[in-house]
Each structure stands twice: as C-alpha cells, then as structure tokens.
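Morning, everyone. I have one structure for you today, and a few places in it to walk through. Please have a look at it first.

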Amino acid sequence: MNPLESQLDYPLGETLPAPGTVHPLAPGLGWLRMPLPFALDHINLWLLEDQVDGRTGWSAVDCGVATDTTRSAWEQIFAGAMAGQPLVRVIATHCHPDHVGLSDWLCSRFQAPFWATTGEYGFARMMAAALPGVDGTAAIPHFERHGLVDPALREKMGERRSYYPTLVPAVPQAYARMQDGELVQIGARRWRVITGFGHSPEHASLYCADLNVLISGDMVLPRISTNVSVFAVEPEGNPLQLYLDSLAKFSDLPADTLVLPSHGKPFRGLHTRVAQLRAHHTARLAEVMQAAAQPVSAVDIVPIMFRRPLDTHQLSFALGEALAHLHKLWYDGILRRVTGEDGIIRFHLI
Ligand SMILES: [Zn+2]
C-alpha cells in the first residue's frame, strides 16, 4: 500500500471476490471481478437486484472484455450467484473496452436493455466499427505531430488498429439514455447519475443515497490516477480541465460514502482521494511548466511525467496524458504552442 492509499479506509480489508463469484456488499448489491489481459489485470463489476418490465433479476454495471476467460467467469456467475435469474439490464459507466466488451453478448443472451449516456454509446459504436479517426492507427499522425519519431514505436502503434474491436466485437444496436442528475430506479433503490468528463466522452457514475454508495467507474480510483488524454479524434481538447471540473461534482456527497471503483478495492475517503488527485495533477503541471522553460513536445514530457519503462499500450496513454497537461497550461495562457519547421508541435513558457 502506498502512503496515499494508507490515508483511505478499505472496510473490506484484503477481501477480493474469486473469479466467477460474487461478494455481497449490501442486500441486493454484489461485487465481482473480471480478469483483464493488461498490466492493469482486473476490472470490478457490480450486480444490483432489479426488476424491469415485471422481470425480476439483476442489473449488471459494466461487462468485462470479450475474452473466453471473461465469458466463462460470467457463466459461473449465471449458474452460481445469479441462481438462474436473468440480467434484466446492462449498464455501462463508459465506452472503454473493459467496461463494454461483452455488452452485446450479455444483452443478447438475456434480451436485456443496454443503458449508457449518449456520449459513451456513440463512441462505443464508432470505435467498435473502427471508423477512421477513432481506430488504432489514428493515433500515429496525431502523436507524430507531437514528436513521436521512433519508427519502431510507430509500427507497434499501427498494429493496434483493431485493438478496440478485438476487445469489443459488438455493442447493442439500441440503448436507453442516461442523463446527468437523472434518478434511475434499480430494484427498490434509486441511483443518481453523475456525469463526468475528461476520461471518456460522458462517463456515468451512480450514487445511491439509501446505501451511501457511489459506483465511481473510472472517475475516482483509489490506487492509480484516472487516465486523462488528448486523443486524435479531439486534438484541440482540454480533457484535464474537464476532469478537474468533474471531480467537483463529487464534493456534495457524504465524506463517508462507500466508493466502488472499477479498479482496486472499495474504499471510504472520497474527499481525501479527490484532494489527492488534484494534488497529483498540480504537481504534474508544475513539472511540465518547469520543463517548458525550453520548447518541449509531448514526447519530451513523457519521461519527466512517467519515470518507468512503458509498453506501447502504456506509451499511448502516457503521450495522451502528457498532452493533456500541456494543453491545460496552454489553455490557461501559461504556455504558447508553436509548430516547428519539422512539423512538430512544441509548447514553451510565455
Ligand atoms: Zn476507462
């Protein structure tokens, strides 16, 4: 446990649900984990007792990626913890593969509706179709403009063209829209939708006042900071500002809210964690500003912000994240942005 984590309270201690099992958190609320084929090796999903159109069963919040391992873990849950009851709704917090990978498989199997915000639903459909601009190769010219000149790395990024469709072979062809502030009735309880930006187009967290539980998705994680990236499809974006603004939406929730994050363990200490995340970005911004005393590209910033070896997957997130910090300082009027004669975009302290 790192020093920041030790400021949080993990009420379940070291408990982790075994694959294919559900750990009860409250009556009608269960926690399950699915494996992920990345350095980040798991995702937490949630099962909520529900009733939709007279059908009694469960709502799933998030799905896991489309791998045989995840499917077989779900099969164990259908037969075991769900005791033959159906999924009556599938809710996605956002469009990333670990969250929507098996959405179509789950919805089709149980004839269950798919719930998401419009922003997330639209992006999931676009990325599952690998449309130009949002497919894996779109990152190459984007990051080239920001200083990526290593041909081997470019080649590796090119191999990621079908990264998303491999993990998300299909997204349901229709959806039910969730909107900010909406109260969604799930079983006997109401959950308030809290949208958040900067990590994904229109991320939905869910808060239940009855339980004092927040399903935070990827917006607030206990161990790692949420990825906030400028991607090719929105090259002028200021996602770090959007993300920091979104964190403020959690400030009116009780300090002792039990937070259910997509990665890591359930914890209490929401306001402490939000303050830590703000401090994290303030420190990164200060480092970036210092480095930008000389003109710097996003590629120049990566080793300053990330002092460890990165694989291709991590490098693309690191580049996006470096750019997010540069863009915030640029939008704040602290850095100027100049395209050099070599075609590379650099940032420099004003
Ligand atoms: Zn995510």
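I will go through the metal site, then the strands, then one helix and one single residue. Bear in mind that this is a predicted model.

Start with the zinc ion. Which residues coordinate the zinc ion? There are three histidines and an aspartate: His94 through NE2, His96 through ND1, His199 through NE2, and Asp218 through OD. The distances run from 2.1 to 2.2 Å. What about the geometry? The angles subtended by the four donor atoms range from 92 to 170°. A tetrahedral call needs all angles between 85 and 135 degrees. The arrangement is therefore irregular.

Now the sequence spacing. The donor residues read H-x1-H-x102-H-x18-D. Take His96 and Asp218 as a pair: they are 122 residues apart and link distant parts of the chain. His96 sits in the loop between β5 (87–91) and α2 (97–100). Asp218 sits in the loop between β11 (213–217) and α8 (239–247). Are these two buried or exposed? The cut-off for buried is under 20% relative accessible area. His96 comes in at 18%, so His96 is buried. Asp218 is at 4%, so Asp218 is buried as well.

We have just met β11, so on to its sheet. This is an open sheet of six strands, with mixed pairing. The order is β8-β9-β10-β11-β12-β13. Which strands stand at the edges? They are β8 (183–186) and β13 (267–268). Each has a single partner strand, so one side of each has no neighbour in the sheet. Further in, β11 runs parallel to β12, residues 258–261, and four bridges join them. Gly217 is placed opposite Pro261 of β12.

Next, the strands towards the start of the numbering. β1 covers residues 23–26, and β2 covers 29–35. They pair antiparallel, over three bridges. Ala26 has Leu29 in β2 as its bridge partner. The hairpin has two residues between the strands, and Gly28 there takes a positive phi near 75°.

β2 has another partner. It pairs with β3, residues 42–52, again in the antiparallel sense, over seven bridges. Here a tryptophan faces a tryptophan as bridge partner: Trp31 with Trp46 in β3. The hairpin from β2 to β3 goes through six residues. How many residues of β2 are buried? Six of its seven, so this strand is mostly covered.

Now a helix. α10 spans residues 298–305. Its buried residues are Ala298, Ile301, Val302 and Met305. Down the helix axis, the buried residues of α10 fall within an arc of 115°, so they line one face. The general reason is helix periodicity: with 3.6 residues a turn, residues three or four places apart point the same way. And what covers that buried set? The cover includes α9 (270–291) and α11 (312–331).

Last stop, Asp104. This residue belongs to helix α3, residues 103–110. Its relative accessibility is 24%, so Asp104 counts as partly exposed. Which residues does Asp104 contact, leaving aside neighbours within four places in sequence? The answer is Ala170, Val171 and Pro172. Compare Tyr163, which is 59 residues from Asp104 in sequence. In space, their C-alpha atoms are 17 Å apart.

That is the tour. Over to you.

Terms used
Residues numbered from 1 in each chain as written. Predicted model: local features only at pLDDT ≥ 70, side-chain atom pairs only at ≥ 80, totals over all residues. Heavy atoms only, no water. Donors = N, O, S within 2.8 Å, 3.2 Å for Na, K, Ca; no water. Tetrahedral: all angles 85-135°; square planar, octahedral: opposite > 155°, others 65-115°. Buried < 20%, exposed > 50% of the residue type's maximum accessible area, 1.4 Å probe, protein only. Arc of directions from axis to C-beta. Contact = heavy atoms within 4.5 Å. Pairing = 2+ DSSP bridges.
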